[in-house]
Amino acid sequence: WKPKYNGRYYSIGPGGVLEPGCWLNDFIDVAMYRLGNCYSTVEEAEANRDKWVEFYSSDEVLEV
């Protein structure tokens, strides 16, 4: 799912913090979308919180 311009979306930030966003197609928006950390509802974002907490706490480098 990808929001439309000015659309609301939710992501999970470091520490498991729910981050509401407004899609402006900027660097952060695109990064969240490409990482798969872009959700249409609070409930969907919260259901995926644990995997993002694990991701952010890892010392591994994500190579593209």
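A residue counts as buried when its relative accessible area is under 20% and as exposed when that value is over 50%, with partly exposed residues in between. By this rule Asn37 is buried, because its relative accessible area is 0%. The model in which Asn37 is seen here is a predicted one.

**Overall fold**

The protein chain contains 3 helices and 2 strands, and along the sequence these elements follow the pattern β-β-α-α-α. For 64 residues a compact globule would have a radius of gyration near 11 Å, and the 12 Å found for the protein chain agrees with this. Taken along the principal axes, the C-alpha atoms of the protein chain fill a box of roughly 35 × 25 × 15 Å. Of the 64 residues, 27% count as buried, while the accessible surface of the protein chain comes to about 4,700 Å², with 52% of that surface belonging to carbon and sulfur atoms. When contacts between residues at least 6 apart in sequence are considered, 43% of them join residues at least 24 apart.

**Asn37 and Ser11**

Asn37 is placed in the loop between helix 1 and helix 2, the latter covering residues 42-47. Apart from its neighbours within four places in sequence, Asn37 is in contact with Tyr10, Ser11, Ile12, Met32, Trp52 and Tyr56. One of these partners, Ile12, is 25 residues away along the chain, and its C-alpha atom is separated from that of Asn37 by 6.7 Å.

Ser11, another partner of Asn37, lies in strand 1, which spans residues 8-12. Ser11 is also buried, because its relative accessible area of 5% falls under the 20% limit. With neighbours within four places in sequence again left aside, Ser11 is in contact with Val17, Leu18, Glu19, Met32, Asn37 and Tyr39. Met32 thus appears among the contacts of Ser11 and among those of Asn37.

**Charged side chains**

The protein chain carries 6 positive and 11 negative side chains, and the centres of the two sets lie 11 Å apart. A search of the whole structure finds 1 salt bridge, in which the side chains of Glu46 and Arg49 meet at 3.5 Å, N to O. Glu46 is partly exposed, with a relative accessible area of 39%, and Arg49 is likewise partly exposed, at 24%.

Which side chain of opposite charge is nearest to Asp29? It is Arg8, at 9.6 Å, and Asp29 has no salt bridge although it is buried. Asp29 belongs to helix 1, which runs over residues 27-35. When residues up to four places away in sequence are not counted, Asp29 touches Tyr9, Cys22, Trp23 and Leu24.

Glu63 is placed in the segment after helix 3, the helix of residues 49-57. Glu63 counts as exposed because its relative accessibility is 70%, a value over the 50% limit. Glu63 and Lys2 are 61 residues apart in sequence, and their C-alpha atoms are 23 Å apart in space.

**Accessibility of selected residues**

| Residue | Relative accessible area | Class |
|---|---|---|
| Asn37 | 0% | buried |
| Ser11 | 5% | buried |
| Arg49 | 24% | partly exposed |
| Glu46 | 39% | partly exposed |
| Glu63 | 70% | exposed |

How values were computed: Residues numbered from 1 in each chain as written. Predicted model: local features only at pLDDT ≥ 70, side-chain atom pairs only at ≥ 80, totals over all residues. Heavy atoms only, no water. Helix = DSSP H or I, 4+ residues; strand = E, 2+ residues; numbered from the N terminus. Rg over C-alpha atoms; globule rule 2.2 N^0.38 Å. Buried < 20%, exposed > 50% of the residue type's maximum accessible area, 1.4 Å probe, protein only. Contact = heavy atoms within 4.5 Å. Areas by Shrake-Rupley, 256 points an atom, 1.4 Å probe, with all protein chains shown as cover. Lys, Arg positive; Asp, Glu negative; His and termini not counted. Charge placed at Lys NZ, Arg CZ, Asp CG, Glu CD. Salt bridge = Lys/Arg side-chain N within 4 Å of Asp/Glu carboxyl O.
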